[in-house]
Amino acid sequence: MENLIDLKNVSKRFKGFSINNMDLQVKKGFITGFIGANGAGKTTTIKMMMNLLKPDAGEVKLFGLDYKTYEKEIKERIGFVYDGNVFFEGMNLKDIKRIVGPAYKRWDDALFYKYIDQFELPLNKAIKKFSKGMQMKASLALALSHHAELIIMDEPTAGLDPIFRREFLNLVQELMLDGNRTIFFSTHITTDLDRIADYIAFIQGGKLVFNQSIHEVAENYALVKGSVELLDRDTEKAFIHIHRAPTGFEALTNNIAEVEETFGNTVIIERASLEDVMYYLEGGVQHV
Amino acid sequence: MFNLMRRDLIIQKWQLLVFIPFILVFILTNSHPILTFLVSSFYIPFNAYYYDEKAETNILLNSLPYTRKEIIASRYLSAIVCMVLSIVLVSLFLFVFGKNFTLTHIAIGSGLFLLFASFAFPLFYLLKQGHIFTIVLISFLVSVAVIPSVVDYLMDYMPMITNFIASLSTITLYTGLALGVAILYALSWGISTIVYQRKAF
């Protein structure tokens, strides 16, 4: 399977935060969700993918091309949506289109107006007067109108109300019908991903914890519930993190077979949602 | 590249409406033609920097299929284009209102603009956001106030320089100065490109 985004051994150091030796591959033709807590390094990673930041070490390739030689060719093929509004605030969508459109060789005016109609966006209203949801739709319309093969989005659903969010997710799914598209988007709202993602990349403290298909995540992780007496130094080893309560414990495991062998029928093993996985992985870092 | 330059006009369409009254104020208050040429040349490029210094603008431009080299080049080229347009416009108004001006005024005005731009542009990319506009404005006002008296001082107390300048033919003097300014502008362009390529957004 072809990798559209390929980060190899990428490091970036800031004051008080760093990304260390990250390897991240994004597969062509799928939706990859990029999750992690606030400050885990999602935006930094995306900025390196967009060449807004240059890594201190390592290699960033998109479509198999590097930014040093193929900056324009790469960006021609990417549509981007950022968390905040990056468009000139006081300007209306028509003028913004007049700036963004001509930058792309494959800009399609008819397609842009199709999205404007579909999203019911006003062309002559200043973008700063748009609601958060409308701003996101405007970014999306601009990102989709040049037949981009890869759509990179940084927290597109942050600050959207649930109805807007659902609408957005449906739209993303529609976009994939094209077959030739790849979508990479970061979020900290894991339920977004349960619904649409094919792959999940999870970042924590600047480190990629895993990058697996959503089925693999479901198969590899499980939530285990049982009474606290079952826990001792040996049995605890099967868990990534344990939450103890007077009524019993709840723990995350990535070794379901071992749990079954150790505890048998004395515990309840449930499917762990992405939120459970993220919560427990964030909660206690017990890298054995 | 042309699109990058064109964006100034789209962004500043309202400011452009004020441009003509702005020039007229200088002309009708009988300001020196050099000053009028100089100030009107500044109008568009320096307004543009007000937008360019915003982080969002840089994120947007750098996410579009442009290289950082092109973004800087568009800035330096459009400054020259704006200067030429302003000179044409100001000359026209000066002519219409029957004010006297000479080619020397145009040459000095545009020379000073390029000189000042050569120093100001790299500073825009070097300095921290938010302070740039104030710093440039203040340094411009200070230099306008100080430079004439510095020149006077040099003229009065350093007859050697005066003699040297006087000994040159007008053509040599002007060619020399034009060449000097051109070299400085090119140097400034190079420095801005290096600074901008190292920036993180």
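Which helix gives the most to the lining of the second largest cavity? In this predicted model, the answer is helix 5 of chain A, spanning residues 132–144, with four residues. Before returning to that cavity, it helps to look at the model as a whole.

The predictor assigns the complex an ipTM of 0.84, together with a pTM of 0.84. For chain B, the mean pLDDT is 83, and 91% of the residues reach a score of at least 70. Confidence within chain B is highest in helix 5 of that chain, at 90, and lowest in helix 8 of chain B (residues 159–167), where the mean is 68. Chain A has 288 residues, of which 53% count as buried. Ten helices and 14 strands are found in chain A, and its C-alpha atoms fill a box of roughly 65 × 40 × 35 Å along the principal axes.

Two open sheets of chain A can now be followed strand by strand. One has four strands in the order 2-1-4-5, with antiparallel pairing. Its edges are formed by strand 2 (17–27) and strand 5, each of which pairs on one side only. Inside this sheet, strand 1 (residues 3–14) and strand 4 of chain A are joined by five bridges in the antiparallel sense, and Leu7(A) stands opposite Val60(A) of strand 4. Strand 4 of chain A is also joined to strand 5 (residues 65–66) of chain A, here by two antiparallel bridges, with Lys61(A) standing opposite Asp66(A). Strands 4 and 5 of chain A make a hairpin with two residues between them. In the turn of this hairpin, Phe63(A) has a positive phi of about 55°.

The other sheet is open as well, with six strands of chain A in the order 6-7-8-3-9-10 and mixed pairing. Strand 6 (78–81) and strand 10 (207–213) of chain A lie at its edges, each pairing on one side only. On average, neighbouring strands of this sheet are turned by 15° against each other, direction ignored. At one edge, strand 6 of chain A runs parallel to strand 7 (residues 150–154) of chain A, and four bridges join them. Gly79(A) stands opposite Ile151(A) of strand 7 in chain A.

Helix 1 of chain A (residues 42–49) is largely enclosed by the rest of the structure, because six of its eight residues are buried. The buried residues are Lys42(A), Thr44(A), Thr45(A), Ile46(A), Met48(A) and Met49(A). Just after this helix, Asn51(A) takes a positive phi of about 65°.

Asn51(A) appears again in the second largest pocket, which holds about 480 Å³ of space. Of the 20 residues lining this pocket, those closest to its centre are Asn51(A), Lys54(A), Tyr67(A), Lys68(A) and Glu71(A). Three elements give two or more residues to the lining: strand 4 (57–62) and helix 2 (67–76) of chain A, along with helix 5 (68–96) of chain B. The lining of this pocket thus draws on elements of chain A and chain B. Helix 2 of chain A gives the most, with seven residues. By class, the pocket lining comprises nine charged, six nonpolar and five polar residues.

Enclosed space was examined too. Rolling a probe the size of a water molecule over the atoms shows where empty space is left. Across the whole structure, five cavities of 30 Å³ or more are found. The second largest of these, the subject of the opening question, has a volume of about 60 Å³. Its lining includes Lys132(A), Gln135(A), Met136(A) and Ser139(A). Tyr82(A), Asp83(A), Gly84(A) and Asn85(A) also line this cavity, as do Asp154(A), Glu155(A) and Pro156(A). The residues of the lining divide into four charged, four polar and three nonpolar.

Key
Residues are numbered from 1 along each chain as its sequence is written. Chains are lettered from A and ligands numbered from 1 in the order in which they are written. This is a predicted model: local features need pLDDT of at least 70, side-chain atom pairs count only at pLDDT 80 or more; totals for chains, interfaces and linings use all residues. Side-chain values use heavy atoms; hydrogens and water are left out. On a 1 Å grid over the protein atoms alone, a cavity is a set of points where a 1.4 Å probe fits but cannot get out, and a pocket is an open set with protein on both sides within 12 Å along at least five of seven lines; lining residues have an atom within 4 Å of a point. Grid points are joined across faces, edges and corners, and a volume is the space filled by probe spheres set on the points. Ala, Val, Leu, Ile, Met, Phe, Trp, Tyr, Cys and Pro count as nonpolar, Asp, Glu, Lys and Arg as charged, and the others, Gly among them, as polar. Buried means under 20% relative accessible area, exposed over 50%, partly exposed in between (1.4 Å probe, protein chains only). Two strands pair if DSSP finds at least two bridges between them. Axes are lines fitted to C-alpha atoms, for helices over the stretch in contact, and angles run from 0 to 180 degrees between N-to-C directions. pLDDT is the predictor's confidence in each residue, from 0 to 100.
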